[in-house]
Structures are given as C-alpha cells and as structure tokens.
Amino acid sequence: MGGIRGVIRLDSVTKRYANGHQGLINVSLTIHRGEFLFLVGPSGAGKSTLIRLLYGEEQPTEGQVIIDQFHLQRMSRRQLPRLRRQLGIVFQDVKLLPTRTVFQNVAFAMEVVGASYRDIRRRVPQVLDLVGLLPRQDHFPHQLSGGEQQRVGIARALVNQPTYILADEPTGNLDPDTAWDIMKLFTEINRRGATVVMATHARDVVNQLHKRVIAIEKGRIVRDEARGVYGYEA
Ligand SMILES: Nc1ncnc2c1ncn2[C@@H]1O[C@H](COP(=O)(O)OP(=O)(O)OP(=O)(O)O)[C@@H](O)[C@H]1O
C-alpha cells in the first residue's frame, strides 16, 4: 500500500465541498513520528477539513493522503477500521454515552475493536489513571464537569494505544485553567511517543508550548514553523 511507518503525508491535497466551498487548496505536508503539531488559523480556514481528511471522514477532490502504510485513496472501505485503530480522535464535543459509566464509555472503544474482557479489565484502569479519573470510573457523564468529560474523551481516544492523536479544538468548551490541564495531558501523551495533531484557537497555549505550528488561511498553508507561535489576535 506504500507509505513510511509513522509518517503522515499530504500530497497536493485539494478539498472542494459539493456546495462549492473550498476546504483546502493544494496542501502538501509531512508530519513525522512523535511530532506535536498545532493547526491554527481563522475560523473557516480549513483546519477541521484537514483533520477529517486524515481520518478518512472526507476524501480529497485532488491529491493523496498517506498515513503509515495506509494510502487512503487506494484502500478499500473495509480497510478503514485498521487505519482508525492507529488513530485516537478527540473532538470539542466529547459525546459520551450518557447511560454508561466512565469505565464503560472507555471500555466501549475496546469492545468495538474486539478486545478481550481480560484486556479491557487491565487496560481501562491504566488509561483512566493517566487522565486522573480512576476514582470516578463508576460515575456517569452527567456527574462530571466539562473538563472531566473531556478527559474521558481523551482516555477513550488513547485506550487502543494509537500511534496518532487527532484533536479538533479539544479545549474549545473549557475555561483557561482546565484547558491547560488538558493540554498538559496531550503533551504527556506526546512525550510517551504518540504523534499529536491539534487544531486550536487556544492562543496562549500555542505561544507557550513552542511546538510546530502550521497556519492555514483560506485553505492554504501560509506558515510552517518548528517552534512557532499562534500569530493572530485572539
Ligand atoms: N461539510 C461541509 N460542507 C460544505 N462546506 C464545508 C463543510 N465543512 C467545511 N466547509 C467549508 O470549508 C471551509 C473550511 O472549513 P473548516 O471547518 O475546515 O474550517 P476551520 O478552520 O476548521 O474553522 P473553525 O476554526 O471555525 O473550526 C469553510 O468555508 C467551510 O464553510
């Protein structure tokens, strides 16, 4: 299927939506294993489009997306679950299952990929411990704060030990202190080896973490800096 282990590549990717909106225009980009990358830019610039292309939710109009050994435009839909297992996805809106406990919400992500009961019993507490929610494992989502719910979402994204974490404004609904706690969690996950790609408007966080920053405007990459800054007024 082609592609280099641990590398994400976009090759001259253009995404035009059916309604004529331009998502991305001729974007080429390489993301290496273990990188932490922020996608920044004004609202409507194309950040979410880029993230959706990475997990196969959208298909490019032109160009190629290659992740690891997976060549997204050449693989069959049957292979998509194999790719998705390598991807942990975190959204602004966490969407937990309301009638399931914290433990069950995270366990569900393992059940759908066919993990054994034994592995679930071993792995879920580990990942809940990492996000600081082990003591709340029997609580239901409505008993948690927004930041705690987002942590459950992160635990769910991590539980199958993905190579890549894709996050689309994961702190968008949170107050600044809670947002920082969540960002620290992402940096810890990255330190442990996962590649993190995050679209964000969290200006202060981007400015203080000194990670790679790619700025997108009107569908095009306008800046790509190894230790970048947010670069827009809040
Ligand atoms: N499903 C869709 N159908 C049609 N047009 C879309 C769709 N999704 C996004 N667009 C359009 O594509 C462009 C890029 O949108 P996108 O959501 O990728 O921007 P963004 O940078 O993530 O914005 P924000 O910071 O507000 O989340 C916009 O013009 C948007 O209206």
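# Chatting through a predicted model

User: Hi! Where do I start? In what order do the four strands of the open sheet come?
Analyst: Welcome! In this predicted model, the four strands of the open sheet come in the order β2-β1-β4-β5, with antiparallel pairing. At the edges sit β2 (22-31) and β5 (70-71), each of which pairs on one side only.

User: What does "pairing" involve, in general?
Analyst: Strands of a sheet pair through backbone hydrogen bonds, and they can be parallel or antiparallel.

User: OK, and how many bridges join β1 to β2?
Analyst: Six bridges join β1 (residues 8-16) to β2, and the two run antiparallel. As one example to find on screen, arginine 16 stands opposite glutamine 22 in β2.

User: While we're on β2, what is the phi of asparagine 26?
Analyst: Asparagine 26 has a positive phi of about 50 degrees, although it is not a glycine. For background, most residues other than glycine have a negative phi. Asparagine 26 is found in strand β2, and it counts as partly exposed because its relative accessibility is 49%.

User: Which residue in the hairpin of β9 and β10 takes a positive phi?
Analyst: That would be lysine 218, with a positive phi near 45 degrees, in a hairpin that has two residues between the strands. The strands themselves, β9 (residues 212-217) and β10 (residues 220-225), pair in the antiparallel sense over five bridges. Within that pairing, isoleucine 214 stands opposite aspartate 224 in β10.

User: Switching to the inside: which residues in the largest nonpolar core touch the most other members?
Analyst: That core has 44 residues, and those touching the most other members are Phe38, Val124, Leu128, Ile154 and Phe186. Apart from it lies another core, of 29 residues, among them Leu50, Leu166, Val197 and Ala199.

User: What does phenylalanine 186 touch?
Analyst: Leaving out residues up to four places away in sequence, phenylalanine 186 touches Phe36, Val90, Ile154, Ile165, Ala167, Pro170, Val196 and Met198.

User: Now helix α3. Why is it largely enclosed?
Analyst: Helix α3 (residues 102-111) is largely enclosed by the rest of the structure because seven of its 10 residues are buried. The buried ones are Val102, Phe103, Asn105, Val106, Ala107, Ala109 and Met110. What covers them includes α4 (117-130) and α5.

User: Let's do pockets. How much space is in the largest pocket?
Analyst: About 710 Å³ lies in the largest pocket. It is lined by 24 residues, and the closest to its centre are Arg84, Leu87, Ile89, Ala109 and Arg156. The elements that give two or more residues to this lining are α2 (80-84), β6, α3 and α5.

User: Which of those gives the most, and how does the lining divide by class?
Analyst: β6 gives the most to the lining of the largest pocket, with four residues. The lining divides into 14 nonpolar, four polar and six charged residues.

User: And what volume does the second largest pocket have?
Analyst: The second largest pocket has a volume of about 310 Å³. Its lining has 14 residues, with Arg123, Leu130, Leu158, Gln161 and Arg192 closest to its centre. Helix α4 gives the most to this lining, with five residues. By class, the lining has six nonpolar, four polar and four charged residues.

User: Is Gln161 buried or exposed?
Analyst: Glutamine 161 counts as exposed because its relative accessibility is 58%, and the cut-off for exposed is over 50%. Glutamine 161 lies in the loop between α5 and β7 (164-168). Glutamine 161 also has a positive phi of about 50 degrees, although it is not a glycine.

User: How many cavities of 30 Å³ or more does the structure hold?
Analyst: The structure holds two cavities of 30 Å³ or more. The second largest cavity has about 30 Å³ of space, and it is lined by Ile89, Val90, Phe91, Asp93, Val94, Gln150, Gly153 and Arg156. Both β6 (87-91) and α5 (146-158) give two or more residues to that lining. By class, the lining of this cavity has four nonpolar, two polar and two charged residues.

User: Last one: where does aspartate 181 lie?
Analyst: Aspartate 181 lies in helix α6 (residues 176-191). Aspartate 181 counts as partly exposed because its relative accessibility is 34%. From C-alpha to C-alpha, aspartate 181 and glycine 147 are 8.5 Å apart in space, and they are 34 residues apart in sequence.

How values were computed:
Residues numbered from 1 in each chain as written. Predicted model: local features only at pLDDT ≥ 70, side-chain atom pairs only at ≥ 80, totals over all residues. Heavy atoms only, no water. Core = buried A, V, L, I, M, F, W, Y, C linked by side-chain atoms within 4.5 Å. Buried < 20%, exposed > 50% of the residue type's maximum accessible area, 1.4 Å probe, protein only. Contact = heavy atoms within 4.5 Å. 1 Å grid on protein atoms, 1.4 Å probe; cavity = no way out; pocket = protein on both sides within 12 Å on 5 of 7 lines; lining within 4 Å. Points joined across faces, edges and corners; volume = space filled by probe spheres on them. Nonpolar A, V, L, I, M, F, W, Y, C, P; charged D, E, K, R; others polar. Pairing = 2+ DSSP bridges.
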